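Thanks for coming. I have one structure today, and I will put it up now.

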Amino acid sequence: MSDLNKLGLAEARDALRAGDVTSVELTEACLKAIDEADALNAFVHKTPEIAMERAKAADERIKGGDAPSMCGLPIGIKDLFCTKGVPSQAASGILEGFKPEYESTVSQQLADAGAVMLGKLNMDEFAMGSSNETSVYGNAVSPWRRGNDDAQLTPGGSSGGSAAAVAADLCLAATGTDTGGSIRQPAAFVGITGIKPTYGRCSRWGIVAFASSLDQAGPMTKNVRDAAIMLETMCGHDAKDSTSADLAVPNFEAMLTGDIKGKKIGIPKEYRMDGMPTEIEKLWADGAAMLKDAGAEIVDISLPHTKYALPAYYVIAPAEASSNLARYDGVRYGHRAQMAQGDGITEMYEKTRAEGFGHEVQRRVMVGTYVLSAGFYDAYYNRARKVRTLIKKDFEDVFAAGVDAILTPATPSAAFGLGEMTEADPVQMYLNDVFTVTVNLAGLPGVSVPAGLDTQGLPLGLQLIGRPWEEGDLLNTAYALENATGFVAKPGKWW
């Protein structure tokens with residue numbers, strides 16, 4: 001078999017079981033593709049020795065006949081996940097040189113299942129960004145191009161390296177994290193599938209924290225079946241994470257029947273934004289029509305507090321970030337600034353944090369500290385929490401009325417060029433999250449499925465939002481949508 005790195009998880013798993021290919025061969029194909037793709041800047045810490053060691057062990061395990069689904073499959077790990085003995089920097093200068101002595105729960109579960117780690121993937125610094133332009137490693141670059149234009153495009157953020165690596169077939173799948181859309185937006189930008197599970201479905205232990213009440217890990221894969229396979233391995237209760245749900249994890253793949261007859265799909269009127277590109281409008285209408293053709297009932301719904309979601313998110317997320325990032329002080333681990341004669345501990349903190357954090361992280365820490373300060377706590381943070389409760393109730397009311405899933409666009413546009421959304425107006429960048437942040441605020445599962453190309457040949461995605469803990473049902477609806485759209489486009493190789 002040639003082009004082994006182009007396989008999806010399900011195809012590769014079946015080929016491994018049939019003895020048509022070995023994990024070592026799959027891994028070698030991916031490592032070769034990674035070495036040829038430095039122009040994408042997707043992999044920032046390569047781990048070929050670990051990969052080959054795990055691949056050999058996986059081949060032995062498969063021969064023994066008791067291997068789980070992920071056994072022998074080469075994947076990439078976002079740099080936000082702590083991986084034992086391997087740099088885990090969260091794409092920040094302040095964690096330079098940090099090699100954890102422990103493994104995050106999610107990456108440990110994948111390793112225990114026999115998955116092969118190829119290396120660590122680029123991302124926005126501390127997962128703060130929508131374009132992968134805030135990374136200490138430099139920008140990750142999308143494998144897609146606009147028509148004949150060779151301008152570099154964003155793979156989205158913050159899981160930009162994961163998105164670029166999966167879309168360019170450098171790995172069979174990758175882990176991502178989603179705090180306000182960081183799995184779903186990049187997945188939409190590069191034409192892959194990404195699911196953010198219900199808050200508490202995947203352990204957050206060992207994942208560098210951004211906003212603890214919003215962060216959730218999930219898989220980024222080449223299709224919906226692969227997402228179901230990888231998600232099952234990533235989920236599960238973890239006593240080390242107090243927010244982890246003690247619920248049985250179903251066999252998500254077995255739930256992919258494609259049958260959605262009688263399902264109620266809601267179309268929220270509040271997601272019809274002023275100035276939304278006609279291509280996105282059409283994609284959304286076409287998606288609804290496809291689900292209707294598959295037997296679903298399409299109903300109009302209202303989520304009245306949607307318009308407050310973005311402002312509430314950009315109060316809550318920076319507030320939690322400022323609290324979480326207080327631990328990076330130059331004392332315990334990571335970077336410490338050089339001291340001048342006479343400098344005290346205050347100067348050490350100030351210099352270390354000024355040198356170690358990039359501009360976007362500094363901006364969010366300052367916003368977060370401000371909204372948590374004594375004079376403004378009630379005016380901003382408490383009010384935002386109340387709004388969050390109202391947003392959550394909007395969804396609860398819709399689901400209580402019998403709606404099974406909600407269909408929306410995943411992003412307000414196709415991928416934009418790197419450098420096009422300059423630092424001059426960070427709010428323009430924040431608007432990228434307009435369709436995704438509600439899902440994090442309400443703790444719901446959401447999946448982005450590639451659904452078409454725009455006039456410039458760039459991927460566009462649709463988002464499905466599901467009931468809490470019903471990822472299997474949500475993935476099945478996504479599977480029906482995937483079958484209906486028939487999206488198979490891949491980027492032309494230029495790197």
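I will go through the sheet and then one helix pair. Keep in mind that this is a predicted model.

The sheet first. As general background, strands of a sheet pair through backbone hydrogen bonds, in parallel or antiparallel fashion. Here we have an open sheet of 11 strands, and the pairing is mixed. Reading across, the order is β1-β3-β2-β4-β6-β5-β10-β11-β9-β7-β8. At the edges sit β1, residues 43-46, and β8, residues 297-301, each paired on one side only. From one strand to the next, the twist averages 30 degrees.

Take the β8 edge. How do β7 and β8 run, parallel or antiparallel? Strand β7, residues 264-268, runs parallel to β8, and 5 bridges join the two. Within that pairing, Lys264 is opposite Glu297 of β8.

Towards the β1 edge, a helix comes in. Helix α2, residues 23-35, lies across β1, β2 (74-78) and β3 (116-121). Its angle to β3 is about 20 degrees.

Now the helix pair. In general, the packing of two helices is described by the angle between their axes and the distance between those axes. Helix α11 covers residues 359-372 and helix α12 covers 377-400; they pack at about 105 degrees, with axes 7 Å apart. Angles of 65 to 115 degrees count as roughly perpendicular, so α11 is roughly perpendicular to α12.

Which residues meet there? From α11, they are Tyr370, Val371 and Leu372; from α12, Tyr377, Tyr380 and Tyr381. By class, this contact has 6 nonpolar residues, no polar and no charged.

That is what I have.

Technical notes. Residues numbered from 1 in each chain as written. Predicted model: local features only at pLDDT ≥ 70, side-chain atom pairs only at ≥ 80, totals over all residues. Heavy atoms only, no water. Axes fitted to C-alpha atoms, helices over the stretch in contact; angles between N-to-C directions. Helix = DSSP H or I, 4+ residues; strand = E, 2+ residues; numbered from the N terminus. Parallel < 35°, antiparallel > 145°, perpendicular 65-115°, else oblique. Contact = heavy atoms within 4.5 Å. Nonpolar A, V, L, I, M, F, W, Y, C, P; charged D, E, K, R; others polar. Pairing = 2+ DSSP bridges.
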